[in-house]
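Hi,

Here is the structure I promised to send over. Have a look at it first, and then read my notes below.

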Amino acid sequence: MPDALTQAELNEALAGLSSWTRVPGRPAIARTFTFQNFNQAFGFMTRVALVAEKLDHHPEWSNVYNKVEVVLTTHDAGGLTELDLRLARAMEKIAG
């Protein structure tokens, strides 16, 4: 299991993930992805699911029509880890 990031490491990482925000009251980050339609949103989720399986790290997420709301945290570590950052970066790349 990876170690939770320090505040300094998290601050540095979030500087490069400007669309992600901290979740109040939780050691987590969140982002809403908006697409043109349901097909694009579901396609995004499918591509992310393949990456998540390879990382063995899965997001908390929901989809309503063209929006995908995502929360990332590593429950076993009690906070954010490098796995969360890797998945966030992969989502950014997939979303374009």
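A quick word on terms before the sheet: two strands count as paired here if DSSP finds at least two bridges between them. Also keep in mind that this is a predicted model.

With that in hand, the sheet is open and has four strands in the order 1-2-4-3, with antiparallel pairing. Strand 1 (21-22) and strand 3 (60-64) are the edge strands, each pairing on one side only.

Going across the sheet, strand 1 and strand 2 run antiparallel and are joined by two bridges. Arginine 22 sits opposite isoleucine 29 of strand 2 there. The hairpin these two strands make has six residues between the strands, and glycine 25 in that hairpin has a positive phi near 80°.

Next over, strand 2 and strand 4 are antiparallel too, with six bridges between them. Phenylalanine 33 faces valine 68 of strand 4 as its opposite number; keep that phenylalanine in mind, as we'll come back to it.

Then strand 4 (residues 67-72) pairs with strand 3, antiparallel, over five bridges. For serine 62, the bridge partner in strand 4 is glutamate 69. Helix 2 (residues 38-55) packs on the sheet, where it touches strand 2 (29-34), strand 3 and strand 4. The direction of helix 2 makes about 160° with that of strand 3.

Now for the aromatics. How many aromatic pairs does the structure hold? There are four. Take phenylalanine 33 and phenylalanine 44: their ring centres are 4.7 Å apart and their planes are at 40°, so this pair counts as tilted, given that tilted covers whatever is neither under 30 degrees (stacked) nor over 60 (edge-to-face). Since phenylalanine 33 belongs to strand 2 and phenylalanine 44 to helix 2, the pair ties together parts that are eleven residues apart in sequence.

Are these two rings' residues buried or exposed? The cut-off for buried is under 20% relative accessible area. Phenylalanine 33 has 2% relative accessibility, so it counts as buried. Phenylalanine 44 comes out at 0%, so it is buried as well.

Both of them also belong to a wider group: Trp20, Phe33, Phe35 and Phe44 form one aromatic cluster.

If you open just one view, I'd go for Phe33, which stands opposite valine 68 in strand 4 and pairs with phenylalanine 44 of helix 2.

Cheers

Technical notes. Residues are numbered from 1 along each chain as its sequence is written. This is a predicted model: local features need pLDDT of at least 70, side-chain atom pairs count only at pLDDT 80 or more; totals for chains, interfaces and linings use all residues. Side-chain values use heavy atoms; hydrogens and water are left out. Contact means heavy atoms within 4.5 Å. Axes are lines fitted to C-alpha atoms, for helices over the stretch in contact, and angles run from 0 to 180 degrees between N-to-C directions. Rings of Phe, Tyr and Trp (its six-membered ring) pair if their centres lie within 6.5 Å; planes under 30 degrees apart count as stacked, over 60 as edge-to-face and the rest as tilted. Buried means under 20% relative accessible area, exposed over 50%, partly exposed in between (1.4 Å probe, protein chains only).
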